[in-house]
Amino acid sequence: MTEQGETIVSLEGVYKIFGPDPRGRAYDLARAGVSKDEVQRLSGHVVGMTDISFDVKKGEIFVVMGLSGSGKSTAIRTVNKLHDITAGSVTVEGVDVQSLTGSALQTFRREKMGMVFQHFALFPHRNVIDNTGYGLKVQGVPKQERDAAALKALAMVGLEAYAHNATSQLSGGMQQRVGLARALCSDPPILLMDEAFSALDPLIRRQMQDELMAIQEQLHKTILFITHDLNEALRIGNRVCILRDGYVVQIGTPEEILTEPADAYVAEFTQDVDQGRVIDVVNVMKDPVIIQASDTLVGAVDRLGDRRGGFTVDADGRPTGLLSVAEAAGALAHGTTSLADVLRTDFGTTSAEARLNENYAAAGRGLPIAVCDDTGRLIGELEPREIMEEMGRVEQLIDGFEREVFL
Ligand SMILES: Nc1ncnc2c1ncn2[C@@H]1O[C@H](COP(=O)(O)OP(=O)(O)OP(=O)(O)O)[C@@H](O)[C@H]1O
Ligand SMILES: [Mg+2]
């Protein structure tokens, strides 16, 4: 996580009103907290953004998510000054974006950011490599140099083999990759992506998300990513900002959004989401109970206390056997007293960084799962019960929401 990182993009108290007199009555109404619909009714002006503030930190994927019309595109367009703002400030790497005009604005856009949009307008009459290097061409970069940069960018999205194909020969997903390569080609520190994957079918879309995350691991760009899809937001975002009717409802990590929704609106959004996809094992695991191979079965059960299981470990701390309390109880009832007879070696293992949902199948066996670090050392224990409890929180959220809405 990059939460402590330097702020690259900052919006502070930004208002955007569309209409002939943006700073007039509509602005006063919006500032007074009158709803978007009401402002429109009273003033004939459309509120695009109401007092929006957020910081995008260096190296993070910051996702702005909201329904159609919530102000996502308007917000991202203030960052490169495709929109002027009505009030507030937009700062990129310390530069007041609103103050930029003319060639300074052109240079700023060119050097600081690459843009990827939903329907990426590729030039149909140019081949893939020329489309990719187009931005550099505009900057007057010689052909050899821009082709080299374009090939490098195409390699990142897996399309170098198609460099000399016509763009019309590419599938939608491939065209979107060219769009991404084009944005990456001049190596800008910031990527602005507005619904970049929204037009793709689900499988291709997932692949693109994976690729973006892989590219990000390598390049550490600062990415402002817009989507109306909460699953996408939670999957790729380091932090997510939820907009509603032009204002910010909540900003948080995917886990915070899911487990501590700011209000019923967010809770409603999150009810269809599988929480296990964003909860890391590390947040749910318990310290492991270590039992000794020399323990008697009764002694080992004693060590477990109220836990569902414990592990024996080797000299390096790697788990070698699992004692499940349920199985131990059964064995004791049948007169078995030997620990070795009841120890299992076919236990599941996972890592602290894994997501909870990756362990559903293993949890389904009803046995504790060993959590190991990358040297294989036992660092925690995941109990199936915990996984189920985390899942149970989804129900609570829905209950809470229904109470607020219906009572
Ligand atoms: N150029 C414009 N002139 C007038 N109103 C506009 C303009 N651009 C956006 N709006 C209005 O501002 C509000 C926010 O629009 P915006 O395009 O930012 O929404 P969005 O969240 O990107 O939606 P979508 O998911 O449909 O792309 C909407 O009510 C929209 O009608
Ligand atoms: Mg939009």
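Modeller: Let's start with a rule: Ala, Val, Leu, Ile, Met, Phe, Trp, Tyr, Cys and Pro count as nonpolar, Asp, Glu, Lys and Arg as charged, and the others, Gly among them, as polar. Keep in mind that this is a predicted model.

Biologist: Thanks! Which residues are around ligand 1?

Modeller: They are F18, V46, G48, G66, S68, G69, S70, G71, K72, S73, T74 and H228.

Biologist: How many of them are nonpolar, polar and charged?

Modeller: The shell has two nonpolar, nine polar and one charged residues. Set the names against the rule: F18 and V46 are nonpolar because Phe and Val are on that list, and K72 is charged because Lys is. The glycines count as polar too.

Biologist: Which element gives the most to this shell?

Modeller: That is α3, with three residues. Both β2 (46-57) and α3 (72-79) give two or more.

Biologist: Now to helix α13, residues 297-304. Which of its residues are buried?

Modeller: L297, A300 and V301 are. Each therefore has 20 or more other C-beta atoms within 10 Å of its own.

Biologist: What puts them on the same side of α13?

Modeller: They cover an arc of only 100° around the axis, so they share a side. In general, an α-helix has 3.6 residues a turn, so residues three or four places apart point the same way. On the other side of α13, V298 and D302 are exposed.

Biologist: What covers the buried residues of α13?

Modeller: The cover includes β11 (309-313), β12 (319-324), α14 (325-333) and α15 (339-342). Just after the helix, G305 takes a positive phi of about 60°.

Biologist: Let's try R365, in the loop between α16 and β14. Why is R365 called partly exposed?

Modeller: R365 has 13 C-beta neighbours inside 10 Å. Buried needs 20 or more and exposed needs 12 or fewer, so 13 falls in between and R365 is partly exposed.

Biologist: And strands β9 and β10: how do you know that they pair?

Modeller: Pairing takes at least two bridges, and five join β9 to β10, so they count as a pair. They run antiparallel, and one of the bridges links I242 with Q250 in β10. The two strands form a hairpin with two residues between them, and D245 in the turn has a positive phi of about 45°.

Biologist: Last one: how is the chain divided into domains?

Modeller: Domain 1 takes 7-123 + 189-273, and domain 2 takes 282-388. Their centres, taken over C-alpha atoms, are separated by 45 Å.

Key. Residues are numbered from 1 along each chain as its sequence is written. Chains are lettered from A and ligands numbered from 1 in the order in which they are written. This is a predicted model: local features need pLDDT of at least 70, side-chain atom pairs count only at pLDDT 80 or more; totals for chains, interfaces and linings use all residues. Helices (H or I, at least four residues) and strands (E, at least two) are DSSP runs, numbered from the N terminus. The arc is that of the directions from the helix axis to the C-beta atoms. Two residues are in contact if their C-beta atoms, placed from the backbone, lie within 7 Å. Domain bounds come from an automatic or database domain assignment. A residue is near a molecule or strand if its C-beta atom, placed from the backbone, lies within 6 Å of it.
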